[in-house]
Amino acid sequence: MRVRKGELKAFDSGAYTATVQVAGSLSVWLSGVPVARNIPAGEMVPGRKCALIFFDDANPDDAVLVAVYT
Amino acid sequence: MRQLTDSLLAAQKNASAVPYVQVRIRSRIGNVARLAWERLYSGGESDYFHAATMPGEGSLVRARIDPSAGRLYLQRVADPGPVSDFAAWSSFATVSAIAGIALAGSAAAVLLFYVDTDNVTIKLAESGDYGESFAAPVTVATASGAVGWLAAGLKSDGTAILLYSVGATVYRVKRSGGAWGSPAAWSNSLASVAGLACCYSIDFNVVVAGTAASGAGGVWTAIYGDGFNQPIDTWSGLAELSRADASSGVEFRAPSLDRADTYRMLFVEKFSGSQSYSRPFWTHVSTLGDFLTHTWREPVPFDFSSTYGVAMAHSSTAAWLSAPSGVWRAPFDTSVLDLSDDVLEVREEAAPFDGRVRIVLRNDNGRYRDLTSGSLSLIRRGSQVDVSPGYITSDGPAVSVGPRYWIDGWEYAGGAGKATFTLHAVGGWSLLERWRARREYAWAAGAATVFQLLSFLFARAGLELGCHSSSSTITSFRPSFAIHPGEDGRTAVRRLLETVPDVVAITGESGLAMNPLPDQEAGYAYDADHPIFSGRYGTGALDFNRVQVFGQGRMLDAFDWESIDDVYDRLRQVHDLNLTTAAQLQERVDALMRKAAMASLGSEITVPVNCGQELYDVVTVTDAAAGLSEACRRVLGISLHYSRAGASPVYQMRLRLGAV
């Protein structure tokens, strides 16, 4: 399990998933990252920093965005 | 195991055989020539549309557009070299100031394409004397709108294609039998085109830069078929080489493509954020790869700033790069430095996911003091070291071509009347380890098989990946998979290999995926004919004898009851949401138990060097004192030691053995 930081690029409030620029990736974003349901949709503002937990570091489907912060 | 000649096989079983270790250095990485670029010209020409080609006799033909006047300038340097005048241009025509140009050469023919001042009429000026003179221009096509980029490919029989972009559409016009056909749009789709490149080699191989419908920038390859890898006169789909998401501030443009020793490509990566840059990057396919296999190594930045990139061409002796304000040359260095006579000691280590060598050379007269000139200049960081074990046979010195390594560093040592020069070199696993993801790589479930993902990683590190008796899982399991920025290639490969029963051994410059089946036949015997100097035969418990694999809403476990009876249960749990079916869970359980079993017999033998021995080979061991008679074991580690430096010469191999 790894914790990584990133920057929120987009949020899909229907699927409750995010597109994130994982720190270190200058040009390519990771999309479809599940977002913790305890984070209000209104807080998912593009440009905010975020914290990601990868339960399986090799599987982006097995991850969750657990925090947004500025 | 590598195949050995009869004489070498006989020699390595002869107790009085004379050892021979061949050590050679080449200027290669991943067995692809490392090009040492030397800038021959720095001028003040504007960075704008340009092109270059080298027809058959080795002249360099360059063309550029001066954007201020819309003038097309041409230059031909008959015998290009360091003293050539690359500043002398001749005005050729007034042309479109917003469209590209293209050059293609083959034998004595040079084709120069440009767009007329109306921005839609594409003209061809053709030379039959290596670009010395050109016939009057003819119209090849009239575009439906303003032309953007041009590229051209020329076959030795005169068949040619011209590619041009109008907006986001690429068109091709083909010349067959001396007559140009009608333009036709390609069958692919992009949102914009920011560069085209083409070269002919068995098919018309094409590179496109631009943006996809999603807004993501990219560099893609495609093939316009000549009937080899792609049916004649059809387009392949686009294969992505580089990508930048929309709004990332990164875009790609101005590719160039050439095939000298292998396919080589350059393109411009332009970043408009803070610390903006516009920089060419180069890449090439692996040594055995062709355009179709798409095995491009990680693009490497080139020390030049340009938004229109550099054009690539080659003669029989050198590769050339050209921009309006610059010319670079890199001779094809085929020289080989043979150090065999100076070798005092070799220590070579091969293990799963690791390989390295240390070579001690005599330096008693300071022969390795100066590495800056002559043949010794091949000794550079990164140079390839080919280490081949052998013997003096009845036919003379003979070797089995062994692993390749790449120089990591060296050291001088002296004292007590001795002087040595020691090379440290690392194998393919280290090339993988030193490849770091510079962006997020993610594949959705179903997008690529484990073998395709492994091939991608090996290619990015400059290595080939083949397969030998691979499992069905490695070519059918398509997991959701990611490589995060900063992660290394070896870690990613390890993760992938944990999902399949297969292992990968590196032979030469290539990885070889194989499924180590328990019924694999032995390929060599260590017995009275090939004696065992010493042996240590362990019987250990399995690291784990019970496995629980958790997939998507499912769990499957497996047990090794015999081991559990002995040591009680040792549990390993694996969680993988990629496993969605009972069959996939079963395959994972089997793979885990299989690999645990292979590692269970911690044995080791020391033997005279077997020149063909490779990792994961199956051998038989006969050692009466240990009660072993033709016992099958799998080679899980190899340490080769050769020394003629001390009082007692050594030439032996220590093999770490596991269960089959």
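**Cysteines and the A–B contact in a predicted model**

User: Why is B:Cys198 not counted in a disulfide with B:Cys199?

Analyst: A disulfide is a pair of cysteine sulfur atoms within 2.5 Å, whereas the closest cysteine sulfur to that of B:Cys198, in B:Cys199, lies 6.7 Å away, which is too far for a bond. By this rule the count over all chains comes to zero disulfides. This is a predicted model in which local features need pLDDT of at least 70 and side-chain atom pairs count only at pLDDT 80 or more, while totals for chains, interfaces and linings use all residues. Residues are numbered from 1 along each chain as its sequence is written, and side-chain values use heavy atoms, with hydrogens and water left out.

User: What makes B:Cys198 buried or exposed, and what makes B:Cys467 buried, exposed or partly exposed?

Analyst: Buried means under 20% relative accessible area, exposed over 50%, and partly exposed in between (1.4 Å probe, protein chains only). B:Cys198 has 9% relative accessibility and therefore counts as buried, while B:Cys467, at 46%, counts as partly exposed.

User: Why is the pair B:Glu487 and A:Arg4 called a salt bridge?

Analyst: The term requires a side-chain nitrogen of Lys or Arg within 4 Å of a carboxyl oxygen of Asp or Glu, and the closest N and O atoms of B:Glu487 and A:Arg4 are 2.9 Å apart, so the pair qualifies. Between chain A and chain B the count is two salt bridges.

User: Which residues make up the contact, in number, from chain A and chain B?

Analyst: With contact meaning heavy atoms within 4.5 Å, chain A supplies 18 residues and chain B supplies 24 residues.

Note on methods: Chains lettered and ligands numbered in written order.
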